[in-house]
Amino acid sequence: MTNTLDQIFVLLKHWIIGFLPVWLQPIVAALLSVVAILAVFPGLFAISVLLERKGLGRMQNRIGPNRVGPLGVLQPVADGIKALIKEDVIPYSADHVVHFLAPVMLVVVVFMGYAVLPMGRNMTFVPMDAGLLFYFAMGASAELTVFMAGWSSRNKYSLLGAMRAVAQMISYEVPLLMSSVVIVMMTGSLSLDKIVEVQNQYTWGLPHWFVFTPMGFAAFVMFAIAATAETNRSPFDLPEGESELVAGYFTEYSGFKFAEFFLGEYVAMLSISGLGATLFLGGWSAPLAILNVVPSWFWFFAKIMTWICFYIWMRGTFPRLRQDQLMNFAWKFVLPMTLLNLLVAGLWRFMGEGFLRWVVCSAILLSAYIIGGRIGMRSKKFGPRSYRYAE
Amino acid sequence: MSESLLETWNRPPVIEADGEGELLEISMGPHHPSTHGVFRMDVALDGERVIKLKPVFGYLHRNHEQIGQTVGYLQMMPYTDRLDYFCSLTNNWAYALTVEKLVGQAVPERAEYIRVILAELTRIQNHASTIGFLTQEMGASGTPLMYAFREREKILDLFESLTGSRLMCNYMRFGGCRVDMSEAHLNAARKVVAELPQFIDEFENLLTSNEILMARCQGIGVVKPELAVNAGITGPMLRAAGVNYDIRKVDRYGIYDRFSFRVPLGEHGDIYDRYMVRVLEMRESLKILEQALKDIPAGPFVDPKAKIRGFKPKPGEAYGRIEAPKGELGFYLISDGGTSPYRFRIRPPSFINLTILEDMCLGQNVADVVVIFGSVDIVLGEVDR
Amino acid sequence: MLGEGLLKGLAETARNFAGSFVSKERLTTVQYPEERHPLPEASRNFPFLVYDGADWEAGLRCVACQICEKECPPKCIYIEKSKDKKPDYAGKLQIYPTQFDIDISVCMSCQICVEVCPFEAIKMDNEFELATDDRFGGLLQDRKQLAKPNEYYHKIHPTEAAEVDARLAEEKAKVEEKARAAAVAAAAKAAAAAPKPAEGAQPQ
């Protein structure tokens, strides 16, 4: 029974294409998967937008939107209608072709990343051998669209914002990749399916998720930071900061194109959370062995939504980092830590099975973090201060 | 901008722009999400660094001083509410103090205690809002601001039940206060004061040791003590630069010499010091409030012989000043024996604190200009009057 | 350790998030217009004229002395006096205002008119839902709109209204006492003057 529930979408797909002639079956199978992805993830986007507004509201001791629909569930619909009926204003001197293509390309490229994510047992759309590589290729293409948007607006402030955004995204690509390389080292394969298979084993009821190993945990933290910076989320959202000069690279976009950028950003956020869940949190495997009765696709989406909740939590708490501080942080702190992490991963495999390797690797990483943190803070002269009083 | 910025403003040496190319001149215009009102800054940038900054204000000029010279003395009291519209009670007190100095009016003791209680409550809610707005500009999406406003609402409810209005209180009179603070009001105030330390602790938990805040605030917008004293800066900005000057301790107006409280001083004069000085001042205000609420005596709340209508002081002049939450708020009155003063001059702390905005921002990133501006803590009603 | 302050901040926000579901203090929203925050008694917005009894014209306390007009800081009150007189609460004949306009787009709710009125005729209302789309006429309130009964005054400011009523009753009692004493003295004088007409005129 649970097996059927787990495989219900796969069985459904096979049943539908069973009605069709053989030569049509591959195309329709692919189309069905595409339609499924295009239906589910924008739905999740709507849910995350609503969750963000209500979550931020609750953190700030107020209720979020609650007038449109019961508890405000129709708020994304209202936002969508508003975006659609707005007038599409394009600056006279803008490059019309590129201006039109930029949001479209962003959406296309971001959705391509979902092709390789394993969303459940046997539920990867395209089970590639080099799935991780394909994912990162698509992610890097998204940065190009940001620059296209800034360039085509012929507005020096949008260009400034676009260049800042691209610089930020490029500098955080490297830690993102390096953290994933650790996982590749431990698994020996670039295929995301294989990575999840390796994590799907249980010892004493607890899973073999990579986040529970020392360098997996360090890589997880750095992946999370880099993912936040990649998708321009707070505290790294200076390119779209409202209290800075202007609204950044999508200043000149209005109406539906702006909604496409918004959609692209959130779908990218969901996609990179999906990758993080696959690499570190075990993809579609359940947290405890006994919980395998719950379908695998449920666990995958639960993990994605947990990441989203964490992003919202961070947005509500932290102020923004300034551009140069952000870049300094990436190049001078996160990158050396990822390189050290690679060394530690090698050491892990070298030391063989046993308790010793846990202790040694954790000790190295922890001490590097504490010492690195102290040096970093002291060099910039940051730190808690004490104050004197006059009577 | 008709003339070039580099010509019009005679100021200390400008930082040399390195690299060729023109300077980027932008106007952080009157409608801006982060300026605290309608305020404009003409900024010349070299890349990201600020080379020249010229503040342009006057968008909210309402002829306060001219009105003061036309309507009578009592009629001016509601207008002083609207100067620094966050802190109407301290504005009222400054004006009442000046007029009482002009005519030599005595104030009964209970009235002095009431004035101190309300002024310190005003100081707490002003500092909390300022810190909230500062973090809002840094991009904390309003969370500390909402917490500060939650506490501010409690204090404003107290004001409304006492004076009738949350912000435009119009409460002080020459010789005391307008109505008495009943025992119910005092108990409500005691309840509010009892809940405030926990709020300040939570606020500090959220912000003080936050590394991102430290990175954004420490070392930015530094004011040296000599510059501060020469430019006439007062208030938390001066004390954050390390100069020990608090008018409550220097002048001892009212009955401030009866309360024991300390004055927090900063060391570096940067934004983080200003933020911490405000937090510590909130705690000191709580100490004063506890003492005042315990010791308040019974008695008249206004001098029974004080006149309300037909107030005509003898010719003379007086300058009265208090430690308003933003700095030294002073009123200078010259009376010629008529029903309205001959000259009514307001010394606005926000305006004078703004004069060194350029010195603070030179060489900094443009992203920091907004944060530095927020840390000066201005209110346009006071800057433009 | 790097990141400690950030974790403390996250804990604080999480506490507020969780608290907003359980305690009223962490969720301070009042959903206007379905719920309203109760206004304190002393709350003031714009002035209104008090009248006693059922007829607003006959019971209007205002005697058009124009003190409030002179003392108003932004000069938002306009009064026109009447030519005839009507009796007030104590029975004395007083003039009344034929026109009493307050421009509430100018009024700054400072309450000085209330403080200086010697006749307890103008008091502060606390109604704030006065939005209108007529910028000039809709914000000019004439004396019919401004006149509200004493019962309304008791409803919005009970303690104050009770004090005012007590004071007015005292005044009225004093006036009546004086009138009665004068009547008794006049009767006594008439009784004393009647049986002795030949005594000659008393020096007046």
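In chain C, the loop between α3 (67-71) and β2 (77-87) holds Lys75(C). This is a predicted model, and in it Lys75(C) has a positive phi of about 55° although it is not a glycine. Is Lys75(C) buried or exposed? Neither word quite fits: Lys75(C) is partly exposed, because 14 other C-beta atoms lie within 10 Å, while a buried residue needs 20 or more and an exposed one has 12 or fewer.

Lys75(C) has some company in the other chains. In chain B, Asp377(B) is another residue other than glycine with a positive phi, here near 65°. Its place is the loop between α15 (366-376) and α16 (380-384) of chain B. Asp377(B) has 26 C-beta neighbours inside 10 Å, so it counts as buried. In chain A, Asn232(A) comes just after α9(A) and takes a positive phi of about 55°.

Here are these three residues side by side.

| Residue | Phi | Location |
|---|---|---|
| Lys75(C) | about 55° | loop between α3 (67-71) and β2 (77-87) of chain C |
| Asp377(B) | near 65° | loop between α15 (366-376) and α16 (380-384) of chain B |
| Asn232(A) | about 55° | just after α9(A) |

**A strand and a loop in chain C**

Let us stay with chain C for a moment and look at strand β1 (residues 47-51). This strand is mostly covered, with five of its five residues buried. Which strands does β1(C) pair with? One partner is strand β4 (residues 122-124) of chain C, joined to β1(C) by three bridges in an antiparallel arrangement. Within this pairing, Phe48(C) stands opposite Lys123(C). Another partner is strand β6 (residues 147-149) of chain C, which runs parallel to β1(C) and is also linked by three bridges. There, Leu49(C) has Ala147(C) as its bridge partner.

The loop between α1 (4-22) and β1 of chain C is worth a look too, for Pro33(C) lies in it. The peptide bond that joins Tyr32(C) and Pro33(C) is cis, with omega about 0°.

**Chain A as a whole**

Chain A contains 13 helices and three strands. Along the principal axes, its C-alpha atoms fill a box of roughly 65 × 60 × 40 Å. How does its radius of gyration fit a compact globule? A compact globule of 391 residues would have a radius of gyration near 21 Å, and the 23 Å of chain A agrees with that. Buried residues make up 41% of the 391 residues in this chain. Of the contacts in chain A with a separation of 6 or more, 75% come from residues 24 or more positions apart.

One helix to pick out is α9 (residues 214-230) of chain A. Its 17 residues reach 24 Å from the first C-alpha to the last, close to the 24 Å expected at 1.5 Å a residue. Helix α9(A) is mostly covered, as 14 of its 17 residues are buried.

**Where chains A and C touch**

How many residues does each chain bring to the contact? Chain A supplies 13 residues and chain C supplies 14 residues. On the chain A side, the elements that give two or more residues are α3 (25-59), α11 (296-317) and α13 (356-379). Helix α13(A) gives the most, with four residues. By kind, the chain A side divides into six nonpolar, five polar and two charged residues.

Terms used. Residues are numbered from 1 along each chain as its sequence is written. Chains are lettered from A and ligands numbered from 1 in the order in which they are written. This is a predicted model: local features need pLDDT of at least 70, side-chain atom pairs count only at pLDDT 80 or more; totals for chains, interfaces and linings use all residues. Two residues are in contact if their C-beta atoms, placed from the backbone, lie within 7 Å. Ala, Val, Leu, Ile, Met, Phe, Trp, Tyr, Cys and Pro count as nonpolar, Asp, Glu, Lys and Arg as charged, and the others, Gly among them, as polar. The radius of gyration is taken over C-alpha atoms; the globule rule is 2.2 Å times the number of residues to the power 0.38. Two strands pair if DSSP finds at least two bridges between them. The expected span of a helix is 1.5 Å times one less than its number of residues.
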